[in-house]
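Visitor: Could you take me in for a close look at one aromatic patch of this model? I'd like to hear how the rings are arranged and what surrounds them in the fold.

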Amino acid sequence: MADQVVAAIAALYGSDDAAVRSEADRWLERWQSSSEAWTVANAILHNPSSGAEYTYFCAQTLKTKVQRDYEELPAESVPQLRDSLLQLLLRFGHGSPAVRTQLCLAMAALAAHLPAAQWSEGGVLRWLMERFSGQDPAVAMSCMLELLTVLPQEADSRKIACRPERRAAFAAELRAIIPDALQLLTSCLGQPGETVRGQVLESLGCWLKLSGGSDLPQGLAGSQLVTAALEGLGVDGTFHAAVDAQWVLWGMCDVYAALEGLGVDGTFLCGHGRDAVVELIWITVDPASCVPNPEMTGLAQLLVGRVMALRPRFSVALHKAIAESEGRDGGNDNDVDDEFDDDSESVKGMARLFCEVAEAYIQLVLAATPEVLPPVEALLDVTAHPEHDIFSMSFGFWHKLSRQLSTASSEQEQQQQQQAPGSPVQAAAAAATSAAAAEQQRRREFFRPAFEKLISLVRGRMRLPDGYSSMRNSERADWRRHRHAWADVLVDACDAVGQQRALQLLLLPLTEVSQGVAAGREFDWKTAELALHCVRSVACMPFAPTEPMLEQLLTALPTLPPKPPQLPYTSALLLSAYAEWLDKAISAGRCGHIIPQLLPMLLTALGDPVSAPAAAIAIRDLCDCCGKHMSTPHILEQLMALYAKTLEAGAATKTAAAAAAAAAAGGAQGVIAGPVMTAAQRTAAAGAAVAAAGNAVAAAGALHEDDVHCVIQGMVMCLSRCLPEQQLPAGLITLARPLLQPVTAAMQQFTPSLGAGETALAAHLPLFDRLATLFQSMKQQQAAATILQQAWVPLDVALLRGATDRSAVERLCRVLRYGIKASGKCCAPLLPTLLETLPGRFQQTRHPAFMYVVSELLKIFCAETAADGSMRPILTALIGSSCAGLTTLQAMDDQPDLVDDTFLLAGRAAAYCPRLLLVPQLLPQLLDTALLGVLVQHREACRSVLSFLSRLFDPASALTSLQDHPGLDQAASVGLLEQQLLRVGPALTRMLLGGAVGALPQSRVEDIAPVLQAMLKLAGNKGALQWITECATLIPDVALTAGDRQAFLAAAAAVVQGNTGMDGGCPGLEEALEAMSDLCRRNKRAMKAAQCALLPQQLHGALGLA
């Protein structure tokens, strides 16, 4: 076996053939899981002739076996393993640090498994000290120091497959020997060499972290270890380890001496040094509330002073970085002092220290006194740095400060409202609120200059870079992501300075551009685009509908040049962001003239591929928010012309052209009724609008299909808001006509034969997608039903022609689903045809999309029993046909979408019409399928099955809904459900628990628990509790102890007894199931044993248990 392992390792690392390497990897993985790996790996490690790659692989294997498979070992083999690990450590103590580290981790894992009493009187540490005494000092020192480092690091490791109580005991055992460990580390300090000194300090930091700053020996502050840690701050070789050990010690010793190293060596500002200072900062405040600790006031003052003393160094680095980002040589910049020359990591370290100080002491910063300005100014410097990893550190502080400045007064107002009106308490609360508001205003005024400077910084960083148009797509995506991040900072800053002042600052560059153009200078489109984007970024602020600056801005948008396309792109997105504000402004009697001016601008933007997506979104949002203000004939003519030309574009260009042209000629006339214009005037207006739209969208390829869908959505929204109720159905039907005509004409050319002409059909699918979008946007049921009736014949032909194309069927069913949903009960005339046709279409395709269509019909028509006679056959036919093809776990794994939609349909039936499920023709077959479905690996499919079962068995859902229909035979339905539960219950319980202990991902446990709970509520005293008890008894001792089983069974019994929480749930059952799952999954041996005991033998192969 050893020769085979060596050969496999050689193939894994040395073969040039990928197939050989893959096969070797699989073989070695199987070997590592076997019990032979213990002895073989141990033998190869003890073989003096083994090469480095073989010893490392086997050391790693041995470590993993100790961590995960310790329970495989017989008790009498544990001492042999321990002694072997010690011998191997002594052998690899010098010259093989990687192997030594793996062996030390293996020894630490063994200590986690093996109680302290089984080592020696002093536990694992005393045992190691005794064994290393008398060995080569150099070897013993290197091994002991690494063991002293990894032991506290592994105290709470989840890689070690310990039981929870043993893991807690191991950590307690280690904390108990902290004094011994520190004493041993002290003795190691006398050994020569900075390497040893660094290892000692690194280990010291690990033990201090384990201690949490408590239960440390008396006199530690004056010990040699503390002295060494403080001295290590100035020594390059031990610096990082020293500062890593400082953060607990500095709270107990002379922090002034400890902080002398801050800034002495640039290396302090990175790595462990920076982290140590950060930890020190946070121990002076409550981390959750940032309230200062009064006992740490002196330390906090010292820390702030020391950190703020780094500002000159950071300022030098900042100037250099800005110069380099502008293409200048920062080192030769006359404004840059050459006294400091920090590397990038040191600069990041300083920036992080500034940010941590500002965030930790934000409650002190909020005092708004001159003393708090240095941290705020330091954060402005950090924000000004051109490197993303640095300036982004400051974002959290600005957000917190802005929120603090805007929320305190509102909290006071809420407290005042809670008091009784006119009471002395309310008067006092009102006075307190007034005082709080005054204080809040004082603070805002104090920080206003800082936030105004922040706005200026952010505004500069959001400017489009030179060469943006030539950037690669990935570079543009990165830059846009950074721009969005800056936008969040801008919102925080504007919130702090106030709405009007924010708008003034953001629009200032646009004003300067306008003045420059008036003076004869060239139009600076990038500055204008920047101003527009900044204003768009703060659209979430509650601007007043009468805000004159916004009115002036929107009025000016149509006057901006259409090129380059980035400018109309941002203009359109700005309009989209302020569409809701525009609606409020028009309702308030302002901005009524703007919409007719904006539509031509958007028409022009639609003609360019760059600006078209934004223009389409703006049209949709403008129609959605301002549709009720678009009822004038001129605006509707413009929109209908735009709509007609848009339908000629996109993915359906050729097929839609004729219908769109017809719509352009008469569409608007069909929408507008009444004597607003004469027929001749309407015809002339329509022709002019069509011409304008045709010029704007000259190239059909300028629009993406998604843009076309946005325009369709916008048109539906607009007509739904601006047309009178009696005209709306006709208007929407007119809107649908150019969508229906091409699909009807195209499908008439096809013979209704199954699966023929898929290629030809594919060209017409975008037209059907547009119909789906139309239905998705509609709220007028009668109009939707009329359109659906007209669309059914071509839709059914398309379903026949594309029966073998699953993607086509999905898209076509989407049209039907949204059409039914939009039509509601108005689609009743079409219902007989649907009920007759859909089962056959499902049989032809076995496509799960038909399940969702039928579920919409159930939701609409099954609220009353009148439709039961027509709906029961289709429900039985679809679910029965689906279940007939899902008889094995493999079949379910191969068709997860079908499983998902089948049980989504069953779940909807259980919610809306359980009476249709609780029949002998359907329920038994459905439960038999669910019995396997609970183990399907697909996440959504499995969750659908489990959700259906929990809904079906829960008395509070399915059974309760039966009471709404007194005429039904409720006793028969309930009796059938209980009968079927008693039939499948024992097997279902084993399946559910088998999934919980390992057959399903652990995240499914939270979905399994409600099913078990529902079963216990429905039939706890009739067998459910007994089934769970029997299953728990089946799980072998290698996975669960008797106490583990009892804890789980007690939680199950509590459900039966009605000991539930206040919300009707039983959190104890889920927690107990989670605990049992964790125990059974702690290693492969326990998990496999639990699954094999619970799951049927015939499923072992499919689940990888054979």
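Guide: Let's start with a cluster: Phe 391, Phe 395 and Trp 486 are linked by ring pairs. Keep in mind that this is a predicted model. Aromatic pairs turn up 12 times in the structure, and Phe 395 with Trp 486 is a nice one to zoom in on. Their ring centres lie 5.0 Å apart and the planes meet at 65°, over the 60 degrees needed, so we call the pair edge-to-face. The two partners come from distant parts of the chain, 91 residues apart: Phe 395 belongs to helix α23 (residues 395-417), while Trp 486 sits in helix α25 (residues 473-497). Both rings' residues are tucked away. Phe 395 has 15% relative accessibility and so counts as buried, and Trp 486 is buried too, with a relative accessible area of 3%.

For another edge-to-face pair, swing over to Phe 446 and Phe 447, with 5.0 Å centre to centre and 85° between the planes. Here the burial is split: Phe 447 counts as buried because its relative accessibility is 1%, whereas Phe 446, at 23% relative accessible area, is partly exposed.

Rings also have charged company in this model. The charged end of Arg 476 sits over the ring of Tyr 468, 5.0 Å from the ring centre. Elsewhere, Arg 817 lies over the face of Tyr 852, and there the distance to the ring centre is 4.5 Å.

Technical notes: Residues are numbered from 1 along each chain as its sequence is written. This is a predicted model: local features need pLDDT of at least 70, side-chain atom pairs count only at pLDDT 80 or more; totals for chains, interfaces and linings use all residues. Side-chain values use heavy atoms; hydrogens and water are left out. Rings of Phe, Tyr and Trp (its six-membered ring) pair if their centres lie within 6.5 Å; planes under 30 degrees apart count as stacked, over 60 as edge-to-face and the rest as tilted. Helices (H or I, at least four residues) and strands (E, at least two) are DSSP runs, numbered from the N terminus. Buried means under 20% relative accessible area, exposed over 50%, partly exposed in between (1.4 Å probe, protein chains only). A charge sits over a ring if NZ of Lys or CZ of Arg is within 6 Å of the ring centre and within 35 degrees of the ring normal.
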